[in-house]
Amino acid sequence: MASTIDPTLAGTVSFFSTPATRFSSNPLLTKSDLAQFLKDLLDPLAPYTSPGSARIQLGYTGTHYDDVAAQLEGFARPLWGLASLLKGGGLYEGSKRWVDGLKNGVDSGSPEFWGYMRDKDQRMVECSPIGFFLASCPKETWGSYNEEERGKLEAWLNVMNEKEMPNTNWLWFRVFANLGLKKAGSTKYNAERMKADLDHLDTFYIGEGWSRDGPEGVVQLDYYSSSFAIQFAQLVYSKLMREEDPVRSEEYRNRAVKFALDFVHYFDEEGRAIPFGRSMVYRFAMSSFWGALAYADVDLPAPLTWGIIKGLQLRNLRYWAREAPGAYNKDGTLTIGFNYPNMNLTENYNSSGSVYWCCKSFITLALDDDHPFWTSKEEAYPDVLKESVTLLKNPLHIASNLGGHTFILSSGQQCSYPVKQSAAKYGKLAYSSTFGYSVPVGSLTLEELGGDNTLALSDDEGETWKCRRETREARIEEGAGWLRSMWYPWKGVEVETWLIPPRKENPLWHLRIHRIRTKRNLVSAEGGFAIYGQGKDGRALNLLPGGGDSGTEGTVEDGPVARATSSAGVSGIAAVETNAKRKGKAMRMDANTNLIEPRTVLPTLMGSHGAEEEDHWLVTAVFALPQSAFGLHDSWLKEWEKKPAGIEGVLKSVMKGN
């Protein structure tokens, strides 16, 4: 008998457009829910684990370090979660794999030996979760080993005390190695080395809770300053060493109090964090700071409560458990990428095991059941922080969530060493929790550039393009409320930029002003926010005739304006300088440029600027409305019509201070 098919499904993507993750049914409301999520992440690792359990191999992609170190990553990084689970009284039937794997990995006579650490060795990184495992679960680890096994473990970790390390957050890894040895009762614990490392790490502190990821001169304050490394490490240390090192521990908790009041602006009401900087493959590790606050028993600053902290942490985890099926392979292991598998955004230190750094966000499993984090009722994002614009002077960001769009304006940060796609990860003008950011996938066309939220320039008629990577003279001018900076892409070319946040009267628009002074002919392409580029039928958005003012999905190219509307929301850009000559183009980007969506459209302004004595002034209005915020507005078209006008006053203010 022939099967019948609903004709409304014919030719559409309805069968596969919104696949559920294997974790979607988990409500992630309680400690037991969170424990189950962790177990559901750990279980799929078993088939990829070596016979002696010391190595986990999940794939065959390459890194700058050797494959054994990559397999050690796969073994060690889940320990952030497993150690927390066991410390908090939880049980996992597969925990023996990691207990056995640890003793086999450090045994030079074992075929699964990890190898001894050399200077600046990737193996050093994995000493951090191993140290946490020892410190949190001494009975299950150290206490279960015989004297010979203990000797091999402490000898392997102690090698690190004599090796050179990068002058970055890496020093925390050696601190954790010594911390684990200390809590286990090993005679190889090096108190002098640990104190020296901590004293040096404290020189990274710049105030108001913020630490840079390196010595003076480094202007990198990304998620390594918070959840990925420094703040998380400080809080864990303050808990484990509260009695032995009370002064430093108290200082770390005080830093976290100040930092929390800034960091909360990087999260939206849906639970999403703003993608910014490197190592985005660590995904929900971005929210681990909130769990570490609870772990360290920090006295929370108003308006934060344990209910709010619980919400910030669990909403982020729920997002990744439910809304990002591409973050997981079909067997439940994590992919390399962000919302979907994507090697374009990776660093050369990202292996298939690296992604389990996300297990830091399970640290609240280490808490007692009666901790206020677990007994408090989950609360929404604090009302007093909604509909706000906040100047964040240390990271050189201006955060806004006006109109329901959470994003930052950014100028001044850059990686202090070569990182793939560095200009995209640190140099863009804006980063959004909804729309993410894009990276280049090639160098031949503008579509390959991934030029969202950037002013791309070409001096060879579009053959090659430069985007801002090294930003100079960046500062927040508090009186004016804007972010100002310089960029020198070539000799004889300078670009000064002012980033002006939204205002309550037009909350979905922000302004950018660029002064270009050039001794060579240039072509420019300035992008807004990249947005999902498919229609309801799954096919590419169509160009709408007549300006597309009906509010239907599609793209618009109307003189100095470009816009795209899809199920993800609305993104647009407009040239509002006097006598604007730039042309709007809804550019279909190459696949897999964006972190959030693999198929995007980018509203872009194209312009030409001759080699002249007079400055070229560009004034750009950028619009973005996430689908999740549609209900906050009567009509997105009405919000679009609030496009900033009368910009002469703003220009006059800018030119006056120039």
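**Exercise 1. An edge pairing**

Which residue of strand 15 is the bridge partner of Glu 557? Place the pair in its sheet as well.

*Solution.* Keep in mind that this is a predicted model.

Step 1. Glu 557 has Ala 562 as its bridge partner in strand 15.

Step 2. Now look at the two strands: strand 14 and strand 15 (residues 561–566) are paired in the antiparallel sense, over four bridges.

Step 3. Zoom out to the sheet, which is open, has eight strands and runs in the order 8-9-10-11-19-16-15-14, with antiparallel pairing.

Step 4. Strand 8 (472–477) and strand 14 (554–557) each have a single partner strand, so they stand at the edges and one side of each is left without a neighbour in the sheet.

Step 5. From one strand to the next, the twist averages 15°.

**Exercise 2. A helix across the strands**

Find the strands that helix 16 lies across, and give its angle to strand 19.

*Solution.* Step 1. Select helix 16 (residues 648–656) and look at what it lies across: strand 9 (482–490), strand 10 (493–500), strand 11 (509–518) and strand 19 (616–626).

Step 2. Take the direction of helix 16 against strand 19: the helix runs at about 125° to that strand.

Step 3. Strands 9, 10, 11 and 19 appear in the strand order 8-9-10-11-19-16-15-14, which links this exercise to the previous one.

**Exercise 3. The four-stranded sheet**

Work out the strand order of the open sheet of four strands, and name its edge strands.

*Solution.* Step 1. The order is 3-4-5-6, and the pairing is antiparallel.

Step 2. Strand 3 (389–392) and strand 6 (430–432) are the edge strands, as each pairs on one side only.

Step 3. The twist here averages 20° from one strand to the next.

Step 4. For a closer look, take strand 3 with strand 4 (residues 397–400): they pair in the antiparallel sense over four bridges. Leu 391 has Ile 398 in strand 4 as its bridge partner.

**Exercise 4. Two helices that cross**

Describe how helix 5 and helix 6 cross, and list the residues that make the contact.

*Solution.* Step 1. The axes of helix 5 (residues 123–136) and helix 6 (residues 147–158) come within 11 Å, crossing at roughly 135°.

Step 2. The two helices are therefore oblique to each other.

Step 3. Their crossing is left-handed.

Step 4. Helix 5 makes the contact with Arg 123, Cys 127, Ile 130 and Leu 134, and helix 6 with Leu 153, Trp 156 and Leu 157.

Step 5. Sorted by class, this contact has six nonpolar residues, one charged residue and no polar ones.

Definitions and conventions:
Residues are numbered from 1 along each chain as its sequence is written. This is a predicted model: local features need pLDDT of at least 70, side-chain atom pairs count only at pLDDT 80 or more; totals for chains, interfaces and linings use all residues. Side-chain values use heavy atoms; hydrogens and water are left out. Axes are lines fitted to C-alpha atoms, for helices over the stretch in contact, and angles run from 0 to 180 degrees between N-to-C directions. Angles under 35 degrees count as roughly parallel, over 145 as roughly antiparallel, 65 to 115 as roughly perpendicular and the rest as oblique. A crossing is left-handed if the near helix is turned anticlockwise from the far one by less than a right angle, and right-handed if clockwise. Contact means heavy atoms within 4.5 Å. Ala, Val, Leu, Ile, Met, Phe, Trp, Tyr, Cys and Pro count as nonpolar, Asp, Glu, Lys and Arg as charged, and the others, Gly among them, as polar. Two strands pair if DSSP finds at least two bridges between them.
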